[in-house]
Structures are given as C-alpha cells and as structure tokens.
Amino acid sequence: MKKLSLTNQIAIALVLAVFAGILLQGHADFVNEYIKPFGNIFLNLLKFIVVPLVLFSIMAGILSMNDVSKVGRLGLRTLLYFMFTTIIAVTLGLVTSTLMKGFLPLIHVDLSKNTTTVEVPDFSIMDQIVNMFPENIMLPLTNMTMIQVIVIAIFFGVAMVHVGEVGEPIRKLTLSSNAVVSKVLSYIMALAPYGVFCMLTPVVVSNGPSVLGSYAALIALAYFCFSVHAFCVYSSLVYLLGGLSPIRFFKELQPAMLFAFSSDSSVATLPYTMKCTEKMGVRKDIGNFVLSLGATINMDGVAIYLGVASVFMATCCGIDLTLHQYFSIAFASTIASIGTPGIPGGSLALMAMVFASAQIPVECVAIVAGVDRIVDMGRTVMSITGDASCAVVMQNKLKKQE
C-alpha cells in the first residue's frame, strides 16, 4: 500500500479532529486532560527546534552565499516586499469591511456590562527598531525573540565570512550543527498528523457548532479577505515576479498551509514552509533566510484582520469612522503586524493598540477574543503563504542576476 504523503496525512488528521470534536461534545474535561496535552507536547517540540533552526540555517545560508553584499541586497528586497504586501493587506481589510458593513448582521455590544480590561502596549517605529537589537545574547534564544535571534545570526554569519580561514573551525561547527538540527526536525515532522489531531480536537470541543453563531459575519468577512489576498495578490506576485505557476505554488505549499491552519503558529510552521519552498525550486539558503525573517515580521493575515475587526467593532459600537481614523488604523495595523509574535493569540494585545489609535473602545478586544482562535487559523495561513511567495520572488530575482 502506497504510503500517504504528509499533506494527505495532515488533511486526514484535520477531518478526524473535527469528527472527534463533535462526538466528544460535553466531554471537554476528558479532551483537555488526555488529548490536548499531546498536542501541547508536539507544539513544544516545534518551538524548541525553531530557535536553533533559524540561528544555524541563517548562518549556514550566509556562509553558502560567501558574499556579504548578496546578503544585504536580499535582506533589503525582502523587507520592501513584506512592507508592500502588508500595506495592501490592511487596505484590503479596511476597504472590504467598509463596503460590506451595511449588509452584515452585527454583534450587539453592551460595554456597560463588560468589565474586562486589556493592557494597551505603547509601540512606535523607533521602539520596533531598537527592540530588534539584543542587549544580551542569551535572552533572545531563551525567550524566542525571533527578530533578535535573526540579528544575532546575521552578525555571526557575516563575521565568519569576513575572518576567512581563522574562522574555519567555527564555520565547520556551524554547518555540522545545521545538519544535525535538520535531522532532529525530520523526526518532529513525522509526528505532525498526530500533533494536528491533538491540537485541533480541543478547539472543536470547546467551541462546537456555536463557533459561527453571532460571530459569523466577522469570521466570514475575515476569511473572504484572506482568500482575495491569497488568490489575487500572492498569485499575481508569484506569477509576474517569481516566474512560477500559482497552481504549482499552492499545490506545493499545501502541507505548510494545512499545518499552519491547525497549529495556529507561523513560527511552528516554519520548518514545513522551508520544505515546501525547496520543492518549488527555491534554494535552501535563500529560503531559510527569507522565511525566517518572514516568520518574524511578515504578518499579512494579522494586518487584514486588524483592519476588518476595527471597522466591524466600530460599526457595532455605532462609531462612524473618519478618514483620519482610517489612516490611524492603517498605520497602527502595519506597525502592529510587524511586531506580532508568531504564536497562537499573539495579535490580541496589539489589537488593543490599534483600537485605541482610532478611539474604538479597547474593551471590544475582549468581545472579538471569543473567535480569535478560529480567525487566527486563517491569519496564520495567510502569513506563511506571504513568506513563501516572497521566497519564490527572491529566488527568481537572484537567479536572473547570476
């Protein structure tokens, strides 16, 4: 019997998780006690391998390029690509939700009964820039502050290229460490179908059929925007700038997209995205660099949802947004999406910042938090799809120059 591909295994796990979740309705204690822990173990394994994976793969990528100027050009182009798609994403979310708000059923918001408080983070562009650079080499590794891990990897990778033969022992250690980490990763990836089942089943059990209840409009609107962005923006960029058929792009990316949907974590999905882009013809060094950077700063799904949620909740509260408030949401959403942790629920705290910037009651964050886990699945798929599209485009650009 032919062995099932990883894509099919994950897809089967998703279907089984939905059925199991429906059958186990009313047995949440059992599921949380005996099924969810295995999902957490799998997610922990992925989180534990991500830091060494990013650290060594970026350094190995720089060493394989053996040209510091190439690294600089690749990094700048990647940043510009991510900023471009993020601006399109938040604009799509704002425009679509504004056009549709008169046709969608709204959630009744009674803020007088809501006593939940949410801490509003104080972010600025300069804060984001300063926070990129670590003051301690160990803290970013232990706290999974991925942007700082990337900075560390770039500094050490460039230094190893510059010192030449003197750094040869460290160079060999880096390359061998990267090979070992990749092997450990293959062990973890083999457990993916089981991990997906154990992570998704508790979600279905806890939400049940009521998931689409009063929040159906918000969920549908968000996923509509996700689909438009994926099949219009990413497809166009992959075809026009990447020279790759969109059909092949999405077909090869299926395992990563399915895992992203179930795991709700772009960081945890990083290993799968790397494998998928390799099948598309993206060089390993380019893919590892671009995808590692994207898992940290490219959150188009978050940008879309922040725009959608802001307009939706403003309408629910009876607030007629002004042009100034729209610009405030767009700016804050772009900054917030760059700083969003690539972990489940990482956008809720930053959503408070976006709401506050547009004078939308911050308490509304607690209201939309009820469906954040469901929407976050789609957000994560969007983010890793954007990362992969960038890797394809960067590969094509560098190929033309060689």
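1. A residue is called buried under 20% relative accessible area, exposed over 50%, and partly exposed in between. With that in hand, I137 is a good place to start: its relative accessibility is 44%, so I137 counts as partly exposed. Please keep in mind throughout that this is a predicted model.

2. Where does I137 lie? You will find I137 in the loop between α5 and α6, the latter spanning 139-143. I137 is also one of the residues of a nonpolar patch on the surface, alongside M126, I129, F133, M138, F155 and F156. Together these side chains have about 730 Å² of accessible area.

3. Which helices each supply at least two residues of that nonpolar patch? They are α5, covering 125-130, and α7, covering 146-163. When you look at the patch on screen, then, it may help to colour these two helices along with the loop that holds I137.

4. Turning to the aromatic rings, a search of the whole structure finds 7 aromatic pairs. One of them joins F30 and Y34: the ring centres are 5.4 Å apart and the planes are at 45°, so this pair is tilted. The angle falls in the tilted class because planes under 30 degrees apart would count as stacked and those over 60 as edge-to-face.

5. Why are F30 and Y34 about one helical turn apart? Both belong to helix α2, residues 28-34, and they are separated by about one turn because they are 4 residues apart in that helix. Their accessibility classes are worth a glance too. F30 has 43% relative accessibility and so counts as partly exposed, whereas Y34, at 53%, counts as exposed.

6. F249 and F250 also form an aromatic pair, here edge-to-face, with 5.1 Å from centre to centre and 80° between the planes. Are these two rings' residues buried or exposed? F249 has 0% relative accessibility and therefore counts as buried. F250, at 13%, counts as buried as well.

7. Elsewhere, ring pairs link three residues into a cluster: F42, F259 and Y272.

8. A last point on the cysteines. A disulfide is a covalent bond between the sulfur atoms of two cysteines. How many does a search of the whole structure find? The count is 0 disulfides. As for the surroundings of individual cysteines, C232 is at 43% relative accessibility and so counts as partly exposed, while C276, at 4%, counts as buried.

Terms used
Residues are numbered from 1 along each chain as its sequence is written. This is a predicted model: local features need pLDDT of at least 70, side-chain atom pairs count only at pLDDT 80 or more; totals for chains, interfaces and linings use all residues. Side-chain values use heavy atoms; hydrogens and water are left out. Patches are made of residues with over 30% relative accessible area and no salt bridge: like charges are joined within 9 Å, nonpolar side chains (Val, Leu, Ile, Met, Phe, Trp, Tyr) within 5 Å. Accessible areas come from the Shrake-Rupley method with a 1.4 Å probe; for residues, only the protein chains shown count as cover. A salt bridge is a side-chain nitrogen of Lys or Arg within 4 Å of a carboxyl oxygen of Asp or Glu. Buried means under 20% relative accessible area, exposed over 50%, partly exposed in between (1.4 Å probe, protein chains only). Rings of Phe, Tyr and Trp (its six-membered ring) pair if their centres lie within 6.5 Å; planes under 30 degrees apart count as stacked, over 60 as edge-to-face and the rest as tilted. A disulfide is a pair of cysteine sulfur atoms within 2.5 Å.
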